[in-house]
Structure formats: C-alpha cells, structure tokens
Amino acid sequence: MNKENVLAICYDFDRTLTPFEMQAQGYIQQLNENVDEFWALSTKLAIKNQMDPNLSYMYLMLNGAKGKFQVKREKLMEFGSKVKLYKGVADWFSRINQYGKKRDVKVEHYIISSGLKEMIEGTKIADEFRMIYANSFLYDHNGAAVWPAQNINFTNKTQFLFRISKGTLDVNDNDVNRYYEPENIRVPFSNIVYIGDSQTDIPCMKLVNSLGGHSIGVYDPVNNNKARVHELIKDKRIKHFAKADYSKGSKLDELMHNIIDLTSASYKLNRDYWENLDEAENLA
C-alpha cells in the first residue's frame, strides 16, 4: 500500500468555484462586446467551421483584442484577479486540508477546466492547486498570445484524472498510457472526488463514479435552479449534489468531511488486510 493516503479533489472552475464564466467578468466587456452576443458568436463560429468550441472562443478573445490591448499572460492574470468566487471558496482549501490531516488523509486539489489557465493563475486561490489543467495560449518572443497551447474540452478532461491517479502530472508524460499495478497507483479512483456543475462535466463524473470515486454536482445558491443536478443524479452521473456554498457547515462542507472520514476508514481497513495477508504468507 502507498505510505500516504491521498485524496484528490478535482474541480471544474466556471459555475463551480465562480458564479459566471471567467471571461465574462471583465475580459469580454473590455472588448466592448455584449457577453451573450460573444458566446452566441463563438457557438456560431464553431458550428460553421466544425471547430472545437474552446478554440472558437480563444480565437474571438485574440481577434477582439486587436487594436484595443495586447493579450499577454500578465493581462490575463489581471483579469483573473477580478474573478468572483462563491461563498467560502477562499478559505475552503485550508479548512479541508486541516480536516484531512486530522484523519491522516493528505488532501490535494486540482483544477480540470475548459476555462483559461492564465486567468485561473491570477485568482487568489491559484496557489491552492497542485496542478491547474485548463486551456492556455502560446506566446511569442514579445510575450503576446498568438496560438492555443492547450485545449481541454469536456471529453479529453478525463485524461487528467488518469494523470492524477498515476502521478504522471506533466501533460507530455506518456507514462499516463502505461499499465500500472494496483499497488503502484498513487491515487486510486476511490480516492478521487470530482466537483462540477453541468453536462460538460459528465465524462469526468461518470468515470469517477464508475471506478468507485465520488462525483458531486453543484448549483448556484442564488437562482437555486436544481434542474441540472437532478438530471445528473437521475442519469447516475453524480452521487451527491449541493449548493455551490463552500463555507464552514454547509452541505458541501459536510459532504467532504464524510468523504474524508470514509477515505480514512477504508485505508485503515485495507492496511489491516494487507498486514494480515503478509503475516499469513510469511508463515507459509
């Protein structure tokens, strides 16, 4: 067994940790464009050109900025610093980490998002994540964004769950495709939590659920619309749902405490089994 009992909590970002798409919290407005019209144009462009929706919005972000401002990493991080977070998110990570430590569970946090990595890196919670997997730009010698460097859509999101499980975190590490004996898996799927809000999270939710982990759907506390999470749980995509309220004592907080308790107990039971088995085999 692994010496450390690691629990990996993986988050979508938009409408999971923040109430709105990150690009719609300043960037699109600085292009002098209407938010709804921007996303409608992005969808239309993607359909017309059989284009990945992420590449479509990234193209419009660069094209719309021409003559207005240079799209540089620092500029995107500046926009990210203005992204609003749901209630309790700011101190969620330290609280959950501390509770995990009390239960001998090492908690790690990861982002798997179709948003922009550079904007997420500008938020005040960026340092809480071991890895941030999200769309990103390639920059020229002047530091200006010129081309997509990474595209993470709803289907290829799942590869990052395998990376986290196997410990092959670098996006260019091909060992993610190598077979690992169960005892060499750093984070078994039973120790993975995925938190998301919509249909774009379904592949990750389904994978985590099917392999014994915990998928949680969240919904906005203001509009209180549970339609999406009701659909997700009826379709067996998630096991739990809660308001996107990360504050102490919230349902989401209690859910995570229960998952940590279960992770702690499961590890202790498995350790006892392997110790007993080892004793029996050594006497044979």
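**Figure 1. Surface and overall dimensions of the protein chain.** The accessible surface of the protein chain comes to about 14600 Å², and 50% of this area belongs to carbon and sulfur atoms. The structure shown is a predicted model. Its C-alpha trace spans about 75 × 40 × 35 Å along the principal axes. A compact globule of 284 residues would have a radius of gyration near 19 Å, and the 20 Å of the protein chain therefore agrees with that expectation.

**Figure 2. Secondary structure, burial and contacts.** The protein chain contains 10 helices and 7 strands. Of its 284 residues, 49% count as buried. Where contacts join residues at least 6 apart in sequence, 62% of them link residues at least 24 apart. The protein chain carries 37 positive and 37 negative charges, and the mean positions of these two sets are 4 Å apart.

**Figure 3. Strand β3 and its enclosure.** Strand β3 comprises residues 131–139. Of its 9 residues, 7 are buried, that is, under 20% relative accessible area; the strand is therefore largely enclosed by the rest of the structure. In a regular strand, side chains alternate between the two faces of the sheet.

**Figure 4. Parallel pairing of strands β2 and β3.** Strand β2 is formed by residues 106–116. This strand pairs with β3 in the parallel sense, over 4 bridges. At Leu116, the bridge partner in β3 is Asn135.

**Figure 5. The hairpin of strands β3 and β4.** Strand β4, residues 145–150, runs antiparallel to β3, and 4 bridges join the two. Ser136 has Gln150 of β4 as its bridge partner. The two strands form a hairpin with 5 residues between them. Within the turn, Gly143 has a positive phi of about 85°. Strand β3 is thus shown with both of its described pairings: the parallel one with β2 and the antiparallel one with β4.

**Figure 6. Lys206 in helix α8.** Lys206 is located in helix α8, which covers residues 202–210. Its relative accessibility is 48%. Because residues between the buried limit of 20% and the exposed limit of 50% are classed as partly exposed, Lys206 falls into that class. Lys206 is separated from Trp147 by 59 residues in sequence, and the C-alpha atoms of the two residues are 32 Å apart in space.

Definitions and conventions:
Residues numbered from 1 in each chain as written. Predicted model: local features only at pLDDT ≥ 70, side-chain atom pairs only at ≥ 80, totals over all residues. Heavy atoms only, no water. Rg over C-alpha atoms; globule rule 2.2 N^0.38 Å. Buried < 20%, exposed > 50% of the residue type's maximum accessible area, 1.4 Å probe, protein only. Contact = heavy atoms within 4.5 Å. Areas by Shrake-Rupley, 256 points an atom, 1.4 Å probe, with all protein chains shown as cover. Lys, Arg positive; Asp, Glu negative; His and termini not counted. Charge placed at Lys NZ, Arg CZ, Asp CG, Glu CD. Pairing = 2+ DSSP bridges.
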